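Biologist: I have a new protein to learn. Can we go through it with short questions and short answers?

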Amino acid sequence: MRKLVIVAFWAAMSVAVIALVTLPISLRTQLIAGLFVLSVMMILKSISAEGIWRLISLAFGTAIVMRYVYWRTTSTLPPVNQLEDFIPGLLLYLAEMYSVMMLAISLFVVALPLPAKPSRAKEQREKWDDLPTVDVFIPTYNEDSDLLAKTIAASVSMDYPADKFKVWLLDDGGSVQKRNSAKITDAHAAEARYVELKKLAEDLGATYITRERNEHAKAGNLNNALEHSTGDLIAVFDADHAPARDFLLETVGYFAEEDKLFLVQTPHFFLNPDPLERNLQTFEKMPSENEMFYGIIQRGLDKWNASFFCGSAAVLSRKALAETDGFSGISITEDCETALALHGKGWKSIYIDKPLIAGLQPATFASFIGQRSRWAQGMMQILRYRFPPLKRGLSLPQRLCYMSSTLFWLFPFPRAIFLVAPLFYLFFDLEIFTASGGEFMAYTLTYMVVNLIMQNYLYGAFRWPWISELYEYVQTVHLLPAVISVILHPSKPTFKVTAKDESISTSRLSEISTPFFIVFAVLVVAVFVTIYRVYTEPFKADVTLVVGGWNLLNLIMAGAALGVVSERGERQITRRIKVSRRCEFQFGDNWLPGTIEDVSVYGVRIVLYGHEASAAKVNDLSGVRFKTYFDQQPHILPMNIRNVQTLGETTAIGCLFAPQEPLHQKLISDLVFADSSQWTQFQLSRRGNPGLLKGSVRFFGLALFQTYRGLVYLARSARPAKPAVKAAR
C-alpha cells in the first residue's frame, strides 16, 4: 500500500510539472517568471548552498530548463521541407538536448553527494595483527628508473606490517618479447632496462617481475602479476603515483566490514600542473580539473554504489577479481571496464575523498591530448562492447551513473556544433533557430544563466565558472576525430602510455596548436560579418546581434585557448609543497638546526637561524639530517647547494638532492610523500567559490590576456630562425 501511495504521489507530481511546463503564457510573463526564478536561486545560494535549500534551488532551475526544452522542441525548429535549414538546425537541437540530458544525469548523481569519510588509520593500527595481506602492483612500460625509484621507495615505506605486504614492480618494458626483438637497438635497450630495474627493485626491497609477451597492455601486465602473487588484496599505483605512509591503513579496513566489497578508490593528486594550469598560471590559485571529478562526482557515484576503479591509487579484492578472470582488457580503459563487470556481478565499491598518493600529469599540451584521447576512446569502447544501460546485474542508479561516465566523452560533438552554429547564419544566412531577439532573451538567455547557476551549485569551490567549458573546447578540436574513429572502428585503438616527467625548457607554441589559430581567425572574421549585417540589414538586427553575441562568446573561449597552446618555458617539473619539518643542515664540520619549508621530488628549501651558513657556496656537496617517519631515526640525505639567500635574521638554502644509494631514495620519498595531510592542505588552499559574477569577470579578463599572449607567441614563431654563427678558423 505504501509503495502504491508513493507511486501515486510521484505520478501526480509529474502531471503537475508537465502541466506547468507546457502552460501557454506570453513572452512577457515568461521573462518575468525567468527573472523571478533567477532571483530566488541567487537568494537561496547566498543564504545556504547545502541540504534541502540546495535541492529547492536546483528544483527551481530544473523547471526553467524543462520550460526551455518544451519551447525549443515545439517552437524553434526550422520547417522540415527546408532541408538546408532543418538539417543543421536539427543537429543544433540534438546538441542542446545532449547537454540537457547530461545536466539531468549530473543532478541525479551529485545533487547530494556523500560526505567525506573519516580517517581510519588510527583504528587500523589497533588491529595490527589482524590486517589482511596486500600485494602492491606498480605497472611500468617506459618510465625512467629515477621516477620509478621514488614510487617504489614510497611504497615499501608504507605504514603496514612488513610481513603482510609485498611490493611488485611489473615491467612491460623488459619483457622476453622485447629483449628478443628483431631490432637489435630495441632488444639492447630492453635488456639494459631489465637489468637496471631488476637491481633497482631488489635494492629498494621490492620484487621485479616481467612476462613473456606484451599482450593486453596494462590489464595483461596486472593479470600476469595476479598469477604470481597471493595477497588477499591488490593495491595498484601507476609508475608516477607515490603513496603516502597511511595509504593502506586508510583503505584496507573497509574490506573486513563488507564481504562483497571489490574496490576502495582514492583520488589522484598531482604535484605538477596540467598544460592549462601551467600556461594560464592558475595551479596555485584555482582548483585543479581532476578535483571536480574526485571531490564531487566520485562522491556522488559512491552514493549509488557506482564509484569506479581509476587505474591507480586503489585497493581491490583478489576474490572479486577471480570472478572476472582478473582485470578486463577488451577496452583500453581497463579500470572502468573492470569496475563495470564487478558491479554487474553484485560487488560493491567505496570511495575515500582524501588524497593518499601524489603523481605527475602530462606537462605538454600534446601529451595531455594524447591522454584524453585514450580516455575518450576507451569509454567509447565500453559503451560499444559493454553498453552500461543494458548491463545485466546493474541497478537503475548504477546504469545512470555509468551512462554519465561514458556518455560524457561524446562532448566533442555538441561542442563542435555550438562552435560552428552561429557561422551558419552569419556566413550563409541559414535560419537554424527560428526565434526573435525577445524570445531569445526570455527563454535561451534565462536558460543559459540558470544552467551556469546550477553548475555553480553542483560544483561550487571545485570548479570555477567557464573553466569546464574551456577544458572541453581545447580538447574538442583533437578529440572529435579520435572519438569518430573509435565509433567507426571500435577495436582499432591501442593502449598508449602517457608521457610523464616532461619539462619544457623554452617557451613555444604546441606542435598541435595550428587548428586553434585557424578557428580563432574564422571567428574574428565572423565578428566583422556581424557588424556588416547589422549595418546592411537593420530589420534583422535583433537576431543578428544575438547570433553575433553567441559568436563573440565562442571567440572569447577560442582566445583563452590560444594561451593554453602557448607553452610556457619551465624547467621545474613539479611544484614545491609547503612543509614544516625540523632538520639539521651540514655546513663544514658543523650541523646547524633549521626547518625544511618546502620540498619537491628534486630538492628542498631549508631555513636556518642566523647567518653562519650564508658563506655556503653554490654547487658544494652538503647534507640534511632529519628524523624519518618510517623508523623514527635520524638519517643523512646528501644534497648539492643551488642558492643561498639572507633573509633578515635567517638564511635560506636551496638544495638539489644527490642520492647515492637506495636509502637516499627512501629519504626523499619520506620528505615528499609520507605525509598525506600536506596534499589536503594544498588542495584546500586553492578552493574557494568566487560566485558566478566574479568568476565570469575573472575568466573574461584571463581570456583577454591569453588571447594577447597567444598572438605574441604566434608572431614570434613566424620570425625566421637566426642563422648559426660560424666559429672563426
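Modeller: First, a definition: two strands pair if DSSP finds at least two bridges between them. Keep in mind that this is a predicted model.

Biologist: Over how many bridges do strand E15 and E18 pair?

Modeller: Strand E15 covers residues 603-609. Its pairing with E18 runs in the antiparallel sense. In this pairing, Ile606 stands opposite Ile653 of E18. The number of bridges is seven.

Biologist: Which residue of E18 is the bridge partner of Gln645?

Modeller: Strand E17, residues 634-647, also pairs with E18. That pairing is antiparallel and has eight bridges. In E18, the partner of Gln645 is Ala652.

Biologist: Which residue in the turn between E17 and E18 has a positive phi?

Modeller: E17 and E18 make a hairpin, with two residues between them. One residue in the turn has a positive phi of about 60 degrees. That residue is Gly648.

Biologist: How many of the eight residues of E18 are buried?

Modeller: Strand E18 spans residues 650-657. Buried means under 20% relative accessible area. The strand is mostly covered, and the buried count is six.

Biologist: How far apart are the end C-alpha atoms of helix H9?

Modeller: Helix H9 has twelve residues, 217-228. At 1.5 Å a residue, the helix should span 16 Å. The distance in the model agrees with that: 17 Å.

Biologist: Why is H9 called largely enclosed, and which helices help to cover its buried residues?

Modeller: Nine of the twelve residues of H9 are buried, so the rest of the structure largely encloses this helix. Among the buried ones are Lys218, Asn221 and Leu226. The cover includes strands E1, E2, E3 and E4. The helices in that cover include H14 and H15.

Biologist: Now the charged pairs. How many residues separate Arg120 and Glu257?

Modeller: Arg120 and Glu257 form a salt bridge, with the closest N and O atoms 2.1 Å apart. Arg120 sits in the loop between H4 and H5, while Glu257 belongs to helix H11. The pair links distant parts of the chain, and the separation is 137 residues.

Biologist: Is Arg120 buried or exposed?

Modeller: The relative accessible area of Arg120 is 9%. The cut-off for buried is under 20%. Therefore Arg120 is buried.

Biologist: What parts does the salt bridge of Lys540 and Asp429 tie together, and how many residues apart are they?

Modeller: The closest N and O atoms of Lys540 and Asp429 are 3.3 Å apart. Lys540 lies in the loop between helix H21 and helix H22, and Asp429 in the loop between helix H18 and helix H19. The pair therefore ties together parts whose distance in sequence is 111 residues.

Biologist: Which of these two is partly exposed, Lys540 or Asp429?

Modeller: Lys540 has a relative accessible area of 17%, so it is buried. Asp429 stands at 37%. Partly exposed runs between 20% and 50%. The partly exposed residue is Asp429.

Biologist: Which residue forms a salt bridge with Arg508, and is that partner buried or exposed?

Modeller: Arg508 is partly exposed, at 30%. Its side chain meets that of Glu511, 3.1 Å from N to O. Glu511 has a relative accessible area of 53%, over the 50% cut-off, so the partner is exposed.

Biologist: How many salt bridges does a search of the whole structure find?

Modeller: Some share partners: Arg120, Glu123, Lys127 and Glu257 are joined into one network. The search of the whole structure finds 35.

Definitions and conventions
Residues numbered from 1 in each chain as written. Predicted model: local features only at pLDDT ≥ 70, side-chain atom pairs only at ≥ 80, totals over all residues. Heavy atoms only, no water. Helix = DSSP H or I, 4+ residues; strand = E, 2+ residues; numbered from the N terminus. Expected span 1.5 Å × (residues − 1). Buried < 20%, exposed > 50% of the residue type's maximum accessible area, 1.4 Å probe, protein only. Contact = heavy atoms within 4.5 Å. Salt bridge = Lys/Arg side-chain N within 4 Å of Asp/Glu carboxyl O.
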